[in-house]
Amino acid sequence: MQQLESGETMTIQRRVGLLYDERMCKHHTPDDDYHPENPYRIKAIWNKLLANNIPQRCVVLNAKEAEDKYLLAVHSKNHVNLIRNISSNQFDSRRNRIALKFNSIYFNDGSSEAAYIAAGSVVEVAERVAKGELHSSAAIVRPPGHHAEHDEAMGFCLFNNVAVAASYLLDERPELGIKKILIVDWDVHHGNGTQKMFWKDPRVLFFSVHRHEFGNFYPANDDGFYTMIGEGPGAGYNINVPWENGRCGDADYLAVWDHILIPVAKEFDPDMILVSAGFDAAIGDPLGGCRVTPYGYSVMLKKLMDFAHGKIVLALEGGYNLDSIANSFLACMEVLLESKPIAGSSEAYPFESTWRVIQAVRKKLSAYWPSLADEIPLKLTSQKAPPAHLLISSSDSEDEDEKSPNIVSDNMVKVVQEIVEPLSKLKVEDIHGKDQVARESVPWRSELSKMEIWYATYGSNMWKRRFLCYIQGGQVDGMRKPCPGSMDKNPPKEILWKTFSRRLFFGRESTRTWGPGGVAFLNPETSVDEKTYICMYRITLEQFNDVLFQENIALQENVSSCEMGSPAFHLADLESVEKHGSMSLEVFKGWYHNVVYLGKEQDIPILTMTCSLSDVERFKSGKVPLCAPCKEYANTLIQGLIEGGQFSEEEAITYIEEASSKPI
């Protein structure tokens with residue numbers, strides 16, 4: 001606002017930059033298989049903005065490829081050379097082998113160009129803001145960047161886009177007056193790469209709020225713990241807020257803003273803010289498991305607008321639900337344009353674990369930031385939501401996210417709905433169209449899609465989000481590679497928990513998927529003295545077949561055919577297993593080849609997969625060892641039991657320990 005001589009005020013239109021380039025869509029999986037980090041992500045955002053006339057109100061910028069000399073400021077020469085050349089013809093025969101050497105990375109003949117454009121585009125928008133040509137800007141870029149380290153691509157990231165831009169402003173353009181930069185990383189995963197690049201640099205205050213779960217959430221190490229505060233002159237300039245559990249929402253994030261980030265930002269007084277704007281903490285994200293709404297993101301961004309004269313750059317990071325990322329990005333653009341008031345409210349409270357983490361962070365960093373030294377009033381910390389696992393019902397479904405008391409009031413939902421539109425209105429190709437045509441052209445799929453079964457899980461698939469990867473595609477912690485999903489990606493019609501009089505035990509010394517340690521098996525025989533907790537998913541027989549193939553491939557078991565030209569489990573097999581109690585599937589030669597019939601629920605057959613009776617005898621005799629599960633595998637089971645509402649954490653641990661230690 002500007003004051004006129006007459007005393008009236010005049011609104012000054014904010015100049016907001018916006019950058020999108022479809023060439024970044026050339027980066028996709030080599031065989032065009034499903035992957036959560038795919039071209040539709042940025043297409044969905046761009047089309048949502050177009051539908052709401054956002055580009056017409058912005059300064060639309062042209063993308064630029066990054067120059068090697070600026071990439072080399074944060075990456076090694078070997079790394080830059082690899083990404084520059086990986087898409088060239090000389091790498092055609094070994095590109096996939098090279099990708100496998102990295103953690104969660106793929107390459108194709110468009111990867112180099114996309115990576116250079118993504119990094120260069122963030123540099124471009126940041127420079128325009130630093131010069132004062134723009135008040136703020138946003139870059140819709142991919143591949144994302146915050147996991148990429150000095151000498152390594154990882155976590156879908158090739159170049160560290162935000163780090164390249166920050167280094168460029170500080171070291172290459174000192175005349176622009178950007179001496180202190182605040183990097184806010186609200187992606188659901190820890191920005192490990194960015195953290196390491198500015199570990200000793202007091203010119204950069206790096207702030208990351210992320211799901212951590214004591215090192216069990218990707219990138220699955222201790223780098224994101226609150227004790228990691230920087231080193232030497234950079235001590236205190238690295239702030240991690242590590243969530244202990246999923247399902248954190250608006251109330252949790254805004255509590256962190258109010259009691260950690262905003263006080264520190266006032267003391268730091270940045271000249272510019274770069275936001276690693278991942279939207280995988282949003283409601284419905286298949287990898288994140290948190291519950292931030294578009295309203296929540298808009299408020300977080302609005303609070304940052306009070307600093308650095310509003311010089312803010314948004315650079316897209318993660319976010320794998322097309323609806324969520326498009327709606328969230330739109331809400332943030334409205335904030336940058338300041339054309340709509342921030343309306344809505346959140347009546348929910350943070351989790352108890354959120355207050356615990358906030359207090360731990362404040363205590364650790366109070367020696368560096370005096371504003372964090374005071375105790376938070378008890379009247380605030382006593383206001384807390386129920387534990388995360390109590391918010392899940394036995395029939396938990398994706399749309400339950402809209403109903404949880406931890407998210408938003410009815411008023412807030414209404415406000416968000418006024419801003420955003422259904423994903424169906426996006427001008428994006430129908431992702432599932434090809435799958436539908438393929439299904440209809442295969443007779444067995446059409447036939448088996450009409451039959452429902454309960455798929456009973458007692459191992460890692462008890463964790464709903466892990467199981468949904470086999471239906472809808474994607475990847476969560478504990479999975480080395482993403483799943484393509486079933487051709488029918490409709491979620492289970494119902495989820496139930498039941499107990500069965502069967503023995504749960506853990507056997508084998510190690511597996512390729514989980515490493516050293518046993519994995520879960522269910523004794524095919526009934527035992528009245530035993531009790532096993534089982535999560536049952538109501539799916540079609542067609543989906544059951546797709547799940548079986550994906551599971552066995554993920555376990556790297558011996559699968560005789562991956563073409564799915566015919567089902568592994570037919571309608572005739574269903575009749576047979578109901579009659580005889582179990583049957584072996586010859587197509588699977590590994591440990592989980594035995595289909596066991598557990599009865600019926602709502603007159604629908606209940607099926608599970610386990611080893612055979614002869615395998616049980618091998619475990620009893622010691623020919624194959626019984627073995628407790630490794631920590632990572634056990635935590636996956638424990639998480640499923642907790643989020644399914646069956647146990648507290650302590651009870652779940654006891655349940656797994658007892659099953660691990662008791663002889664068959």
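**A walk out from Ser136**

Let's start at one residue: leaving aside residues up to four places away in sequence, Ser136 touches Arg14, Arg15, Val16, Gly17, Val129, Gly310, Ile312 and Leu336. Keep in mind that you're looking at a predicted model. One of those neighbours deserves a second look, since the side chain of Ser136 makes a polar contact with the side chain of Arg14, at 2.8 Å.

Where does Ser136 sit in the fold? You'll find Ser136 in strand S5, which covers residues 136-139. Ser136 counts as buried because its relative accessibility is 0%, and the cut-off for buried is under 20%. Now try finding His309: it is 173 residues from Ser136 in sequence, yet the two C-alpha atoms are 9.5 Å apart in space.

Let's zoom out to the whole protein. Take the contacts with a separation of 6 or more: 75% of them are between residues 24 or more positions apart. The secondary structure adds up to 21 helices and 20 strands. There are 664 residues, and 61% of them count as buried. As for the outside, the protein exposes about 26700 Å², with carbon and sulfur atoms supplying 48% of that area.

Next, the cysteines. How many disulfides does a search of the whole structure find? The search comes back with zero. Why doesn't Cys248 bond with Cys290? Cys290 holds the closest cysteine sulfur to that of Cys248, but the distance is 5.0 Å, so they're too far apart for a bond; a disulfide needs the sulfur atoms within 2.5 Å. Cys248 counts as buried, because its relative accessibility is 0%. Cys332 is buried too, with a relative accessibility of 0%.

Terms used
Residues numbered from 1 in each chain as written. Predicted model: local features only at pLDDT ≥ 70, side-chain atom pairs only at ≥ 80, totals over all residues. Heavy atoms only, no water. Helix = DSSP H or I, 4+ residues; strand = E, 2+ residues; numbered from the N terminus. Buried < 20%, exposed > 50% of the residue type's maximum accessible area, 1.4 Å probe, protein only. Contact = heavy atoms within 4.5 Å. Areas by Shrake-Rupley, 256 points an atom, 1.4 Å probe, with all protein chains shown as cover. Polar contact = N/O pair within 3.5 Å; in protein donor to acceptor, adjacent residues only side chain to side chain.
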